[in-house]
2 protein chains.
Amino acid sequence: MDCNCNAYHCPVDTTLNMIGGKYKALILWHLTDKTLRFGELRKLIPQATPKMLTQQLRELEENHLINRTVFPVVPPRVDYCLSDLGISIRPILEAIYTWGTDYLNQNGLEASCSMTFSS
Amino acid sequence: MDCNCNAYHCPVDTTLNMIGGKYKALILWHLTDKTLRFGELRKLIPQATPKMLTQQLRELEENHLINRTVFPVVPPRVDYCLSDLGISIRPILEAIYTWGTDYLNQNGLEASCSMTFSS
DNA sequence: CAGTATCCCAATCGATACTG
DNA sequence: CAGTATCGATTGGGATACTG
């Protein structure tokens, strides 16, 4: 039984803990407007080992940022998609992305990653 | 001699690395519109040991988010304040703060920390 | 006053191999 | 296909004591 004995919580730490994980921002990004299976995420984020990918997905799920759907079929199939909460956090990710891009450009660095705006 | 051999950088990771450190957001928050000395920051963030506070301040300085001014006097005096870059990142911190506050409130948790908006 | 220096424990993360 | 299990290297971070 969980009992949170801390009466007060820092909003900034709360948010950062939810999106600050090693591959969390990347996962949320890839799931924008899309439902993806575990194997598809693995191909999109090859630098993450299955262990890490599973761990990050579980934490995102615990924080209710994504939905995990298991289909009782063989071979197994599991779908991941953003929850409403996950959708609501996207503007923050975009603000962070925009600031980071400006910063990199101003420092003569090429800004690029698996995250790109399609619209 | 440092040589960054990666041609491309992820903007989101770049931003998160700059503000995601254990006490970095808190430090940036306290320095808003204020110049503070090391000892003042210690009193404002007592949970950070001097080692950790120094480390976080050094990293913020390396990322040019804050300015460190040493006065050649005895006893020593060192001032910390936001740089222009540090000021420019504040809207992101506020967006993160706002989202986190909404999230905590919707989950029946009391949102609070050393970070509060004065205006 | 503004830090350093040590020591040491805990959490993070990667590599690899294995399974229902 | 969608994960687990295990091991080990690296990093993070706290406690305490010391210094120019």
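## A strand pair across two chains

Let's start where the chains meet: β1(A) lines up with strand β5 (residues 110-111) of chain B, and the two pair in the parallel sense over two bridges. Keep in mind that this is a predicted model. To see this pairing for yourself, find His9(A) and look across to β5(B), where its bridge partner is Ala111(B).

## The wider interface

So how many residues does each chain bring to the contact? Chain A supplies 32 residues and chain B supplies 32 residues. Between them, the two chains bury about 3,000 Å², and carbon and sulfur atoms give 78% of that area.

Which elements of chain A give two or more residues to the side that touches chain B? They are β1 (8-9), α1 (11-19), α5 (84-88), α6 (90-106) and β5 (110-111). The largest share comes from α6(A), with 10 residues. Sort the residues on this side of chain A by type and you get 23 nonpolar, eight polar and one charged.

What about polar links? Six residue pairs are in polar contact across the interface of chain A and chain B, counting pairs with both residues at pLDDT 80 or more. Salt bridges between chain A and chain B, on the other hand, number zero.

## A hairpin inside chain A

Now for a pairing within one chain. Strand β3 (residues 66-71) of chain A runs antiparallel to strand β4 (residues 77-82) of chain A, and six bridges join them. Together β3(A) and β4(A) make a hairpin, with five residues between the two strands. For a landmark, pick out Phe71(A), which sits opposite Arg77(A) in β4(A).

Terms used: Residues numbered from 1 in each chain as written. Chains lettered and ligands numbered in written order. Predicted model: local features only at pLDDT ≥ 70, side-chain atom pairs only at ≥ 80, totals over all residues. Heavy atoms only, no water. Contact = heavy atoms within 4.5 Å. Buried area = accessible area lost by both parts, 1.4 Å probe. Salt bridge = Lys/Arg side-chain N within 4 Å of Asp/Glu carboxyl O. Polar contact = N/O pair within 3.5 Å; in protein donor to acceptor, adjacent residues only side chain to side chain. Helix = DSSP H or I, 4+ residues; strand = E, 2+ residues; numbered from the N terminus. Nonpolar A, V, L, I, M, F, W, Y, C, P; charged D, E, K, R; others polar. Pairing = 2+ DSSP bridges.
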